[in-house]
Amino acid sequence: MGEEERSGNRIKTGGEVDAGAIFVLKSKGTWWHCGFHLTTSIVAPPLLSLPYAFKFLGWATGISCLVGGAAVTFYSYTLLSLTLQHHASLGHRYLRFRDMAHHILGPKWGRYYVGPIQMAVCYGVVIANALLGGQCLKAMYLVMEPNGEMKLFEFVILFGGLLLVLAQIPSFHSLRHINFFSLVLCLLYSALAAAASIIIGNKSNGPEKDYAIVGDKETQVFGIFNAMAIIATTYGNGIIPEIQATLAAPVKGKMFKGLCMCYTVVIVTFFVVAISGYWAFGNQANGLIFTNFLNPETNHYLVPTWFIFLINLFTVLQLSAVAVTR
């Protein structure tokens, strides 16, 4: 059994201290470091898809789902944190979801059932972030060079190179400064996206506001499932065991403060972007809200190009922190 020396006490970690455990075992973090990590693991550029989710739900259901998602995930993350804290007080410290699965399901199920699922989620997140990062880099490039000939795959390779460099960071605790920067960035691009939506929504030649849910019955049903998946995914990926493992003893109360910090940012960003974007574009909202800032008829942006450049720049920078954290 792996053991960790902390404050003169030897605490069982519940498994071998392999490279993955060492990555999270540098337990020197404070509650605000925890808040930075939690915010980066939950608040990510997919929140720019929330107006698109509202397109299938409407005002009342959309806001209700956002409120419900916040309440359910905050409660479940808090409960998970308290459970981990309880087991740590009994001398069994679980550093990762893998360690929890080993304890609950046994060594075989924990490794061969939970392990592949976790690997698939991590793989999907990294691939999706690399693709979105490449798209944002290309959007920045086209702002500066409207007739540029560089292809999307070239930007994906550039962004992947950035992720490869950041992946060399030696421990989770070392991400605290990057994740603080990430928290600031998510506030900045959310504010810019909301401001652009409000500017466009107030223009006399802006898009016509129509909040009716379009499509036949089958389309609407599938749209509801799509919207629910978007909202659930946006609130997901809180890596509670790994983040709690970075906290310095005593851990009691620190995770809750970190979650409160995180969900303050969640409420500000999610609700502001969702409400302003849906108000401005209604059922014309696209998958990512900043694609609505381009007029398809004239192929010109409805806001100054520096808005578009900054939104994509902040999104790229935060995506890199999100991919490394998750």
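## A tour from pocket to patch

Select Ala-139, Leu-142, Leu-294, Tyr-301 and Ile-308: of the 19 residues that line the second largest pocket, these lie nearest its centre. Next, colour the elements that give two or more residues to this lining: α5 (107-144), β4 (300-301) and α11 (305-325). Bear in mind that you are looking at a predicted model.

**Stop 1: the pocket**

Stay with the second largest pocket. Its volume is about 510 Å³. Which element gives the most to the lining? Helix α5 does, with 7 residues. Now colour the lining by residue class. You should get 12 nonpolar residues, 6 polar ones and 1 charged one.

**Stop 2: along α11**

Keep α11 on screen, since the pocket lining draws on this helix. Select Thr-315, which lies in α11. Is Thr-315 buried or exposed? Thr-315 is buried, because its relative accessible area is 1% and the cut-off for buried is under 20%. Then add Gly-258 and draw a distance between the two C-alpha atoms. The separation is 23 Å, for residues 57 apart along the chain.

**Stop 3: the nonpolar patch**

Return to α5, and turn on the surface. Select Ile-104, Leu-105, Trp-109, Tyr-113, Ile-117 and Val-121. Together they make a nonpolar surface patch of about 640 Å². Two elements to colour here are α4 (97-105) and α5, each giving two or more residues to the patch. Helix α5 gives the most, with 4 residues. So α5 is the top contributor twice on this tour, because it gives the most to the pocket lining and the most to the nonpolar patch, with elements taken as DSSP runs.

Zoom in on one patch member, Ile-117, in helix α5. Why does Ile-117 count as partly exposed? Its relative accessible area is 45%, and partly exposed covers the range between the buried limit of 20% and the exposed limit of 50%.

**Stop 4: the loop before α4**

Step back from α4 towards α3 (50-89). Tyr-94 sits in the loop between these two helices. Its relative accessibility is 8%, so Tyr-94 counts as buried. Finish by adding Phe-271 to the selection. Tyr-94 and Phe-271 are 177 residues apart in sequence. How far apart are they in space, C-alpha to C-alpha? The distance is 34 Å.

Key:
Residues numbered from 1 in each chain as written. Predicted model: local features only at pLDDT ≥ 70, side-chain atom pairs only at ≥ 80, totals over all residues. Heavy atoms only, no water. 1 Å grid on protein atoms, 1.4 Å probe; cavity = no way out; pocket = protein on both sides within 12 Å on 5 of 7 lines; lining within 4 Å. Points joined across faces, edges and corners; volume = space filled by probe spheres on them. Nonpolar A, V, L, I, M, F, W, Y, C, P; charged D, E, K, R; others polar. Patch = residues over 30% accessible without salt bridge, like charges linked within 9 Å, V, L, I, M, F, W, Y side chains within 5 Å. Areas by Shrake-Rupley, 256 points an atom, 1.4 Å probe, with all protein chains shown as cover. Salt bridge = Lys/Arg side-chain N within 4 Å of Asp/Glu carboxyl O. Buried < 20%, exposed > 50% of the residue type's maximum accessible area, 1.4 Å probe, protein only.
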